[in-house]
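User: I've got a structure here and keep tripping over the labels people put on it. Can we go through what earns each one?

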Amino acid sequence: MFVFVTYFYLLICLLILFYTIGYIFYQRYDHHREERVVKNYKHMILEQQQAIVQGTYMKRDYRKPLLKELKKTKQLIAFEKALHQLDNENVSISAYLTQIEPVIKKLVTHYQEYDLMEKAYLARFIANYAKDSWQDPLIYRTLVSYLDHASIYLRENVLMATYQQSDPKWIIKVYQYLSENELFHHPKLIQDGLLSYPYDSEALIDELWKERQTFHEPIVLGMIGFITYQSDRYKHIFYDMLKEKQINLEVKIRLMRYFEKHHHPKVESLLISMVSDSQEPIRIIAVYVLRTYPSEKAIATLKKALTDASWYVRKNASQSLLAMHVSKSELLDVLTGHDRYAKEMLRYHIEEEEEGGMLA
Amino acid sequence: MNLFVERFMEVVAILFITYMLLYTTFLFLSVLFGAIRLSEKDRMVRLNNEIKHDYYMPISIIIPAFNEEVTIVDSVRSLLDLDYKLYEIIIVDDGSTDETSNQLLQFFPFKQTNSPIHRKLKCKEEEAIYEATVNRINLTLIKKANGGKSDALNMGINVAEYPYFVTIDADSLLQGNALEKIIQPVLADEQVIAVGGMVRVAQCVDMTDGKVNDYRMPWNPIVGMQVVEYDRSFLASRILLDQFSGNLIISGAFGLFKKDVVIATGGYKTDTIGEDMELVMRLHTFMLNNNRPYKISYQPEAICWSQSPESFRDIFTQRRRWYIGLFQSLVAYPMMLFRFRYKPVSFISYLYYWLFELLGPFIEVFGILTIILAFQFDLLNVPFMINLFLIYTGYGILLSLTAFFQRVYTQGLRLYTLDIIKAIFMVVVENAIYRYILSLVRVTSFIGYKKKRKTWGTIKRQKHMDF
């Protein structure tokens, strides 16, 4: 029996080996074939681009065969490589891209029948070239329909594509789909993705914020990160939110960080009260953000925080004090005091600052 | 007497056939799943099914070092060229008796500081701390009293600023995109707490600025056989175990960990030799005990090039250490099997390591002794035995060759005829002779082993450019 089973395994493994070797040769052949196809596409795109620039419209009998070819994923890969190479050569192809929008509309519908990976590829292709060229709602409505049973890559690529069109509605639709289906999408991906939005980001922020109740936490966290980078108009809204007691810890931390970048006098007293919060992460961030609110009260709070039980609170407090350019003499009570941790931490940061020549 | 021996041989034969059947089935499934997953991954990369961003999570790279004066500067230099936006490098010199720290101090603009260290994990006292910034990357060098590799790693974790850390060996080179690749499972799934990268033999590669220029099979058969071994392990069995988050080892040469989880479990244990496996076992049991959802992933596209032993002496020392480490880790966590017996990580991974990795060498040596005994009593069916040996070896050769060619196509390497010939030779020798020698080495691992000895497993290093 053992011999029989082993022979069976041997046979299957032999087939895998032959497949692998065959695939290596196929890869080589395919590489050469692709190079030829890319070259042909480049030539064709340049020809069309030139004609469009000279005032000629793209003919229907050009779009039809192009669509027929691009329905084959391999052709689409070669086509994208051609566009990418032209982009790298600084050749302007924007007029050409605008003209092929009808092809993309049909293509996106056709790809509904394809598997998840191919759909993800098309979505990424659209994300790469949609900016200012492909704005038709049909494209994005169809892309949103791809999300059923989508992989993380397809979800991410669909999102990247929606960031490249100007209507926030489609971004909101994707976020709502993710939230309703409790599909995790990392806040960092949400934040970085939103930062790639090339149109009016303030308008986008307002639209997104209006719908925030319909989004789940990772998306809200990403959005707050995005707003922190892009807008200082949310001081009052975030301040009011920060005062709420029921607010989630992660959200609270993100909101606090907003006020490090965007100064809001009202928030100082709130931050000072947070330095004695029972939750360690809140205290850590509060003493960190206080560096941008230099006042006597803030300095006194930070000096007190140098004796906090948490190492990170002490570390951030000493850094914040130095960032406020508090002089050595003002810190003398700590430096000559009895708290070993506070002294140690402060001394190190003073040395560090002195090396940089920043201390007064 | 003859009847007793005959009965004994019958029982042994049944046990052996069962054992070999299980083992060949595992290997078969490894190659099958490996082939499917690699082909799928290849398609995913071609079709842009990747999480690609300009900014990823910040990462701390921790390099524990002991007497690494030959390679340390080149290793750190190569780490400064990675395609990654935000990372720091922490080198922990664990009381080297050579010029490891001095080499670093001469080459990089280090300045001594009194940076306070938050001792979340217990480790030996630091003697000096140096900091530098090169290409906007923060470098930290900690000189500390000798305490072993685990102790040095714990110090590195204490110093690390970022929420994820990567451990690499002091002689390792990371491929330019290694950090970008190894963090991708974390971005794709919030439950991922650790990711293992693929470790490959550095003596084969010619690299500039993190990019592979060329790759050749080495002439040294000891190194060549390790290339074949690594291919089989990293491109087959780890991929199979990864299907159910069941890898019990993340090589110390290249792995990524979520810092707070590692700290919560107590960091690296200092009284074990196989600290890398022990940590992963502890992460599994910690998360299972606390009913916390988690994943430990394997990312074969994240590649690290690590130096392999070039002499029999070095390889025997290395394998003895690995084997003792395996033993220590497996016996320390029997709860894996008893408490979580319905989890695949227990009844597949844990049992696999017990049966085939830990007991395997003993079973193989016992098998050889039984054959000799059977021959003595004229109970050996010689043609059948030869047939069995040939089938088994042929099967091993086939699996190794498949892994070799899979690596070629998944990593887009250029294939040379001479390399194919060398690979076939290495694969044959490895399966027919080398593996039995290593089994013997493993069986004798415990001779001269002292439980509390915390030595570093050093092998003779070469400068990277000498390859």
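Analyst: Sure, starting with a term we'll need: a polar contact is a pair of N or O atoms within 3.5 Å; within protein, one must be able to donate a hydrogen and the other to accept it, and residues adjacent in sequence count only if both atoms are side-chain atoms. Keep in mind that this is a predicted model, where local features need pLDDT of at least 70 and side-chain atom pairs count only at pLDDT 80 or more, while totals for chains, interfaces and linings use all residues. Residues are numbered from 1 along each chain as its sequence is written, chains are lettered from A and ligands numbered from 1 in the order in which they are written, and side-chain values use heavy atoms, with hydrogens and water left out.

User: What makes Asp115(A) a cap for helix 6 of chain A?

Analyst: A side-chain oxygen of Asp115(A) sits 3.2 Å from the backbone nitrogen of Met117(A), at the N-terminal end of that helix. The cut-off is 3.5 Å, so the pair counts. Helices here are DSSP runs (H or I, at least four residues), numbered from the N terminus.

User: Why is helix 6 of chain A called mostly covered?

Analyst: Twelve of its 14 residues are buried, meaning under 20% relative accessible area (exposed is over 50%, partly exposed in between; 1.4 Å probe, protein chains only). Among the buried ones are Lys119(A), Arg124(A) and Phe125(A). The cover includes helix 3 (73-88) of chain A and helix 1 (2-46) of chain B.

User: How do you know that Gln406(B) is buried or exposed?

Analyst: Its relative accessible area is 3%, so Gln406(B) is buried. This residue lies in helix 13 (residues 382-410) of chain B. Leaving aside neighbours within four places in sequence, Gln406(B) is in contact (heavy atoms within 4.5 Å) with residues including Ile16(A), Thr20(A) and Leu235(B).

User: And what makes helix 6 of chain B largely enclosed?

Analyst: The count: 19 of its 22 residues are buried, so the rest of the structure largely encloses it. Helix 6 of chain B also bends by about 30 degrees at Ser233(B); that's the angle between axes fitted to the seven residues ending there and the seven starting there.

User: Which residues touch the most other members of the largest nonpolar core?

Analyst: Ile126(A) and Trp134(A), out of 277 residues. The largest share, 14 residues, comes from helix 1 (residues 2-53) of chain A. Such a core is a set of buried Ala, Val, Leu, Ile, Met, Phe, Trp, Tyr and Cys residues joined through side-chain atoms within 4.5 Å.

Key
Helix = DSSP H or I, 4+ residues; strand = E, 2+ residues; numbered from the N terminus.
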